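Reader: I should like to go through this model in order, from its fold to individual residues. Please let each reply end on what was asked for.

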Amino acid sequence: MTKVVRRHWRTAAVCAAVFIGIVAVLPLVAERAPARQIVLVTRGMTFVLEGQPEMNPIVRVTAGERVRIVVRNETPGMVHDFAIPSWDVATRSLSNGQQGSVTFEAPTAPGTYEYQCRPHSEMMRGVIEVVAR
Ligand SMILES: [Cu+2]
């Protein structure tokens, strides 16, 4: 083989390797669609959306949407968590200054679901509203 032909073979092999690599990785990337992030912080014995005043707000998500809810405990001296009992998701217990998260795919049908802090479920509770696309 001449030098030129050998170089072409090497280029073709590199291209093939890159192509196979892309094809192999694409399904993984597609499965991990980025989740929209919603940040809740605790204020005393309530939840608020970061930067907003409303206590225990309605958290709106779109049907089928992939969502990550990050919860940060900003209540000195209190342990909180965040759970959506009917979906069986919950953070671990969070001390002041700690944060946890839950990631989920919202149901495809509109509806309302309760969220709560399990240790203080009488005061720290609200609704996740799944709205139609
Ligand atoms: Cu709590």
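**The sheet and its surroundings**

Author: We may begin with one strand pair: β1 (residues 36–43) and β4 run parallel and are joined by 6 bridges. The model is a predicted one.

Reader: Which residue stands opposite Val41 in β4?

Author: β1 and β4 are parallel partners. Within β4, the residue opposite Val41 is Arg72.

Reader: In what order do the strands of the open sheet of 4 strands lie?

Author: β1 pairs with β4 in the parallel sense, while β1 and β2 pair in the antiparallel sense over 4 bridges. β4 and β7 are also antiparallel, over 7 bridges. The pairing in this open sheet is therefore mixed, and the order is β2-β1-β4-β7.

Reader: Which strands stand at the edges of the sheet, and why is one side of each left without a neighbour there?

Author: The order of the open sheet is β2-β1-β4-β7. Each edge strand has a single partner strand, so one of its sides has no neighbour in the sheet; these strands are β2 (46–49) and β7 (99–105).

Reader: What is the average twist from one strand to the next?

Author: The sheet in question is the open one with order β2-β1-β4-β7. From each strand to the next, its twist averages 25°.

Reader: What is the bridge partner of Val70 in β7?

Author: β4 and β7 are antiparallel and share 7 bridges. The partner of Val70 in β7 is Ser101.

Reader: Which residue in the turn of the hairpin of β1 and β2 has a positive phi?

Author: β1 and β2 are antiparallel, and Arg43 stands opposite Thr46 in β2. Their hairpin has 2 residues between the strands. In that turn, a positive phi of about 60° belongs to Gly44.

Reader: How many helices and strands does the protein chain have?

Author: From the N terminus, the elements run α-β-β-β-β-β-β-β-β-β. The count for the protein chain is 1 helix and 9 strands.

Reader: Of contacts between residues at least 6 apart in sequence, what percentage join residues at least 24 apart?

Author: Thr75 and Gly44 give one example of residues distant in sequence, being 31 residues apart along the chain with C-alpha atoms separated by 5.4 Å. Thr75 touches Gly44, along with Thr42, His80 and Asn96, when residues up to four places away in sequence are not counted. For contacts in the protein chain between residues at least 6 apart, the share joining residues at least 24 apart is 60%.

Reader: Is Thr75 buried or exposed?

Author: Thr75 is placed in the loop between β4 and β5. It has 21 C-beta neighbours inside 10 Å, and the threshold is 20 or more, so Thr75 counts as buried.

Reader: Which strands each supply at least two residues of the largest nonpolar core?

Author: In soluble globular proteins, nonpolar side chains tend to be buried together. The largest nonpolar core here has 13 residues, of which Leu40, Val61, Ile69, Val71, Phe82, Ile128 and Val130 touch the most other members. At least two residues of this core come from each of β4 (66–72) and β9 (125–131).

Reader: Is Phe82 buried or exposed?

Author: Phe82 is located in the loop between β4 and β5. Residues up to four places away in sequence aside, its contacts include Leu40, Ile69, Val71, Val102 and Tyr115. Because 26 C-beta neighbours lie inside 10 Å, Phe82 counts as buried.

Reader: Where is Pro85, and which residues does it contact beyond its neighbours within four places in sequence?

Author: Pro85 has 13 C-beta neighbours inside 10 Å and so counts as partly exposed. Pro85 lies in the loop between β5 (83–84) and β6 (89–90). Neighbours within four places in sequence aside, Pro85 contacts Glu114 and Gln116.

Reader: Asp88 has a positive phi although it is not a glycine; is Asp88 buried or exposed?

Author: Asp88 has a phi of about 60° and is found in the loop between β5 and β6. It has 8 other C-beta atoms within 10 Å, where 12 or fewer is the limit, so Asp88 is exposed.

Definitions and conventions:
Residues are numbered from 1 along each chain as its sequence is written. This is a predicted model: local features need pLDDT of at least 70, side-chain atom pairs count only at pLDDT 80 or more; totals for chains, interfaces and linings use all residues. Two residues are in contact if their C-beta atoms, placed from the backbone, lie within 7 Å. A nonpolar core is a set of buried Ala, Val, Leu, Ile, Met, Phe, Trp, Tyr and Cys residues joined through C-beta atoms within 7 Å. Two strands pair if DSSP finds at least two bridges between them. Axes are lines fitted to C-alpha atoms, for helices over the stretch in contact, and angles run from 0 to 180 degrees between N-to-C directions.
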